[in-house]
Amino acid sequence: MILSGDRLPPVACNGILVIGDPHVGSRRPGRRKDVVWPQAVLGKLEHCVSIANERGLAVVILGDLFDRPVETDMALKNQLIRVLKGFRQRPIVNVGNHDIQHMTLTDSDSLALLGLCDVVDVVATSAPVTEFQIDARRIGIGMTPYGQTIPTDARGSFTGVDLHAWFTHHDIAFDGGYPGAVPPFAVEGCDVLINGHIHKTQKSILAGRTRWMNPGNITRQSVDLVDHVPRAWILDGSGALEPHALPYESNVFDLTGRVVDAADGAVVAREVESAFVTLLQAESATELKRSGDGSIVRDEIEAKFNADNTSDAVRAIVRSLLGEAVERHAAQS
């Protein structure tokens, strides 16, 4: 079902399996080189099903179940539904930014269909959600979807619970953060706050009585996650998170232009600078806008490479950076 302030009945379990942002989608991320996609993602979710069912765990997905708000591949959606229905306890899913086309969840989003068909319970509005009975301890949990305000005071959400946990999907400044990121703050009445959205596992931060944690994604989509270990996490009655590594392949990224053989730093720096003089000249003449795909800029740079007999390592770096610039330009158009 789709929850908009509604509460689910209390659930008895042995803990809560926390799954970070799966990003299920038919479109393979740019630098992934998997022969078959997205079996790597579905396989991790299947492994999560085994962990949850064998241990008697409830399941929370931190948001971004889908990589795009509207997944058009019907076969993939059916595969995903089959996997999710394998959980004995129906997963509770927070709404992430990749799950929605607009500010909030609507009927046009693929995640809404899964909620309406009772494949998962989708939390569409920031509110208390349910209670879990874990051994002798009662845990009350609430959720805040992406773009909605994280409460500063959660007191009164539950009565007589031993632990109060809240799940979010936000830009949180764990490791210095970046412009616009929210620094962790004390949420009155909340013991544990577990965040999705940020792809890497972060060190926990204590703000007042509230311990903020960010487990990280189970899907590595970009090269900055090359060293990230995909894990699911079990939240116990004390509020501790226990990591469980998921099966994954280490060498899944095309690192062309990112990893090069050691070379003389001064020589590489001069060659990159020379190549980018051409790039900047082309950009000032608006060739990127004219060509759309960067082909004019690319032609000028390739001509410069040939004229200067530029090394393969530097060519790889500049081609990679040009590709990323074109992608950013396309996204902003």
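How many bridges join E3 to E13, and do the two strands run parallel or antiparallel? Three bridges join E3 to E13, and the direction is antiparallel. The model discussed here is predicted.

## Overall make-up

The chain contains seven helices and 14 strands. It has 333 residues, and 49% of them count as buried. Among contacts in the chain with a separation of 6 or more, 69% are between residues 24 or more positions apart.

## The sheet that holds E3 and E13

Strands of a sheet pair through backbone hydrogen bonds, in either the parallel or the antiparallel sense. One open sheet has seven strands in the order E1-E6-E5-E4-E3-E13-E14, and its pairing is mixed. Strand E1 (2-3) and strand E14 (241-245) are the edge strands, each pairing on one side only.

Within this sheet, strand E3 (residues 16-19) runs parallel to strand E4 (residues 58-61), and four bridges join them. Isoleucine 19 has isoleucine 61 in E4 as its bridge partner. E3 is also joined to E13, in the antiparallel sense, and there valine 18 stands opposite tryptophan 233.

E13 in turn pairs with E14 over five bridges, again in the antiparallel sense. Alanine 232 is placed opposite histidine 244 of E14. The hairpin of E13 and E14 has five residues between the strands, and glycine 239 in this hairpin takes a positive phi near 95°. Four of the five residues of E13 are buried, so the strand is mostly covered.

Helix H1 (residues 39-55) lies across E3, E4, strand E13 (231-235) and E14. The helix runs at about 170° to E3.

## The second sheet

Another open sheet, also of mixed pairing, is formed by seven strands in the order E2-E7-E8-E9-E10-E12-E11. Strand E2 (11-13) and strand E11 (202-207) stand at its edges; each has a single partner strand, so one side of each is left without a neighbour in the sheet. From one strand to the next, the twist averages 25°.

At one edge, E2 pairs with strand E7 (residues 127-134) in the parallel sense over three bridges. Alanine 12 stands opposite glutamine 133 of E7.

## Two buried residues, in E12 and E11

Tryptophan 212 belongs to strand E12 (residues 210-214). Its relative accessibility is 0%, so tryptophan 212 counts as buried. Beyond its neighbours within four places in sequence, tryptophan 212 is in contact with Ile150, Ile172, Phe174, Pro184, Phe185, Val187, Leu193, Ser204, Ile205 and Ala207. For tryptophan 212 and proline 184, the C-alpha to C-alpha separation is 6.7 Å, with their positions 28 residues apart in sequence.

Glutamine 202 is in strand E11. Is glutamine 202 buried or exposed? At 19% relative accessibility, glutamine 202 counts as buried, because the cut-off for that class is under 20%. Leaving aside neighbours within four places in sequence, glutamine 202 is in contact with Phe174, Asp175 and Asn214. Proline 215 is 13 residues away from glutamine 202 in sequence and 6.6 Å away in space, C-alpha to C-alpha.

## Backbone exceptions

Most residues other than glycine have a negative phi, and most peptide bonds are trans. Tryptophan 37 and proline 38 are joined by a cis peptide bond, with omega about 10°. Proline 38 is in the loop between E3 and H1.

Aspartate 135 is not a glycine, yet its phi is positive, near 55°. This aspartate 135 is in the loop between E7 and strand E8 (137-144). With a relative accessible area of 65%, aspartate 135 is exposed. Histidine 197, also not a glycine, has a positive phi of about 75°. The loop between strand E10 (192-196) and E11 holds histidine 197. Histidine 197 counts as buried, at 14% relative accessibility.

## Internal space

Rolling a probe the size of a water molecule over the atoms shows where empty space is left. How many cavities of 30 Å³ or more does the count give? The count comes to one cavity of 30 Å³ or more. The largest cavity holds about 30 Å³ of space.

The lining of the largest cavity consists of Val95, Ile100, Met103, Thr104, Leu105, Ala124, Pro145, Tyr146 and Gln148. By class, seven of the lining residues are nonpolar, two are polar and none is charged.

How values were computed: Residues are numbered from 1 along each chain as its sequence is written. This is a predicted model: local features need pLDDT of at least 70, side-chain atom pairs count only at pLDDT 80 or more; totals for chains, interfaces and linings use all residues. Side-chain values use heavy atoms; hydrogens and water are left out. On a 1 Å grid over the protein atoms alone, a cavity is a set of points where a 1.4 Å probe fits but cannot get out, and a pocket is an open set with protein on both sides within 12 Å along at least five of seven lines; lining residues have an atom within 4 Å of a point. Grid points are joined across faces, edges and corners, and a volume is the space filled by probe spheres set on the points. Ala, Val, Leu, Ile, Met, Phe, Trp, Tyr, Cys and Pro count as nonpolar, Asp, Glu, Lys and Arg as charged, and the others, Gly among them, as polar. Two strands pair if DSSP finds at least two bridges between them. Contact means heavy atoms within 4.5 Å. Axes are lines fitted to C-alpha atoms, for helices over the stretch in contact, and angles run from 0 to 180 degrees between N-to-C directions. Buried means under 20% relative accessible area, exposed over 50%, partly exposed in between (1.4 Å probe, protein chains only).
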